[in-house]
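These are my notebook entries on a single protein model. I record what I looked up, entry by entry.

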Amino acid sequence: MVSKSRKVWMLGLVFILVLLTACGSAGSNDNQANGSNTSAEGQQEQNDSNTNEPVSEEELTSEVNIYTARHYDVDAELYAQFTEETGIQVNVIEGKAPELIERLKREGESSPADLFITVDGGILHTAKAEGVLQPVVSDVVDAQVPAELRDTDSHWIGLSTRARVIAYAKDRVNPEELSTYEDLASDKWKGRLLVRSSSNLYNQSLMASLIALNGEEATEQWAAGIAANLARDPEGGDRDQAKAIVAGVGDVAIMNTYYVGHMSVSDDAEEVKVAEQIGVFFPNQDSTGTHVNISGAGLTKHAPNKAAAVKLIEYLTAKEAQEKFSSVNFEYPVNPDAEWPELLQSWGTFNKQSVDFAAYSEYNPKTVEISNKVGWK
Ligand code: FE
């Protein structure tokens, strides 16, 4: 069968499989696309293949092209397994999410991309709002991914979730002292709190969720309290906050759980020690729930290899791939049939925030404004 993928792909082919382990760039942007600069071009484009019909096996092409802002080894491993099982080649271009969205808009109908993969529900929402996605029509996906982890119109599908929690020094902090994100802004934690820069997207989405739950005024007061309680000026990533706890710089840190998992299996003995010496606390269990974010895949509006792309989403959300995401990257699976790795099981289940991911992008500019105002660097 002849691929209907555009051959311009071949001209500009940049086949990048950059196997970077650490995470940073996805969460380090301070200029994410938030709906500004929408070009009229994007809206004028027609796409006659953009129907809501399920795709059939006969439409399967021999490749699928991904624009991704994720950069984990496990993703590349899963793509390779998919190729082995289906014969469908997976081509990957990595970049920062806002740039990839702009690229999709710029390329329009001639874009070779089939899937847009990124972290952060706000960015997935932005991609949808920018008109670069189309619905994924698949009973398999619907059965594998709970509705709250899919876009309402299936423009994007969750691949994994992550929890932003409070890590604490096991030898100095009694977890009974811990309660909520809000409490971290109280005087009790003065000079004891560690968190990375407010310009980091993980913190911006956390703050956006608090705006959605508590309002702007309360969140501004909260951010002022966080800035006032810091043990040091923000530096480094989430991992560095955990290391600073063990170094005695501070007692508690706001961080994503999967970094604790990464460190627990690190080749670096120091990191293993850090993972052992910090506890993981899920905040707001008696109130609004722990902040969660999502990784997801969107089907691009002009996907030339639509059937193959949907098949890949089905593959990535199946039990086996989900268990791999979770056991290698320590993210939470979206598929409820997938078993959690031992470490995640040891932390237990927890109540999650129920905030529409769209709020993460909606309030993003406000989080920047608040951080600047209160002096959270
Ligand atoms: Fe990360």
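Entry 1, the end of a helix. I began at phenylalanine 330, the residue that follows helix 13; its phi is positive, near 60°. The model is a predicted one, and I read each value below as computed from it. I then listed the buried residues of helix 13, which spans residues 319-329, and found Ala321, Gln322, Phe325, Ser326, Ser327 and Asn329. Against which elements do these buried residues pack? I found helix 3 (73-86), strand 5 (156-169), helix 10 (257-264), helix 12 (306-316), strand 10 (332-333) and helix 14 (342-347).

Entry 2, the whole chain. I counted 16 helices and ten strands in the protein chain. Of its 377 residues, 51% are buried. I also looked up the contacts between residues at least 6 apart in sequence: 81% of them join residues at least 24 apart.

Entry 3, strand 5. I turned next to strand 5, one of the elements that the buried residues of helix 13 pack against. Is strand 5 mostly covered or mostly open? I noted that it is mostly covered, with twelve of its 14 residues buried. I then went through its pairings.
- With strand 9 (residues 291-300), strand 5 runs antiparallel and shares eight bridges; here arginine 164 stands opposite histidine 291.
- With strand 7 (residues 252-256), the pairing is antiparallel and has five bridges; the partner of isoleucine 166 is isoleucine 254.
- With strand 8 (residues 278-281), four bridges join the two antiparallel strands, and alanine 167 stands opposite valine 280.
- With strand 10, I found two bridges, again antiparallel; serine 160 faces proline 333 there.

Entry 4, isoleucine 166. This residue is found in strand 5. Why is isoleucine 166 classed as buried? I counted 27 other C-beta atoms within 10 Å, and the class is assigned because 20 or more is the cut-off. Leaving out residues up to four places away in sequence, I found that isoleucine 166 touches Leu178, Leu184, Val252, Ile254, Phe281 and Pro283. I checked the pair with valine 252 separately: the two residues are 86 apart along the chain, and their C-alpha atoms are separated by 6.6 Å.

Entry 5, the largest nonpolar core. I looked up this core and found 98 residues in it; Leu115, Phe116, Ala167, Ala242 and Val252 touch the most other members. Its largest share, nine residues, comes from helix 7. Where does the core lie with respect to domain 1 and domain 2? Domain 1 (8-161 + 292-347) and domain 2 (163-290 + 355-374) both contribute residues, so the core lies between them. For phenylalanine 116, I set aside neighbours within four places in sequence and listed its contacts as Tyr67, Leu100, Leu104, Ala127, Val132, Leu133, Gly298 and Thr300. As general background, I noted that nonpolar side chains tend to be buried together in soluble globular proteins.

Entry 6, helix 7. I closed with the helix that gives the core its largest share. In helix 7, 13 of the 14 residues are buried, and I recorded the helix as mostly covered. I then tested its length: at 1.5 Å a residue, the 14 residues (201-214) should span 20 Å, and the end C-alpha atoms are 19 Å apart, which agrees. Glycine 215 follows helix 7, and its phi is positive, near 95°.

Note on methods. Residues are numbered from 1 along each chain as its sequence is written. This is a predicted model: local features need pLDDT of at least 70, side-chain atom pairs count only at pLDDT 80 or more; totals for chains, interfaces and linings use all residues. Two residues are in contact if their C-beta atoms, placed from the backbone, lie within 7 Å. Two strands pair if DSSP finds at least two bridges between them. The expected span of a helix is 1.5 Å times one less than its number of residues. A nonpolar core is a set of buried Ala, Val, Leu, Ile, Met, Phe, Trp, Tyr and Cys residues joined through C-beta atoms within 7 Å. Domain bounds come from an automatic or database domain assignment.
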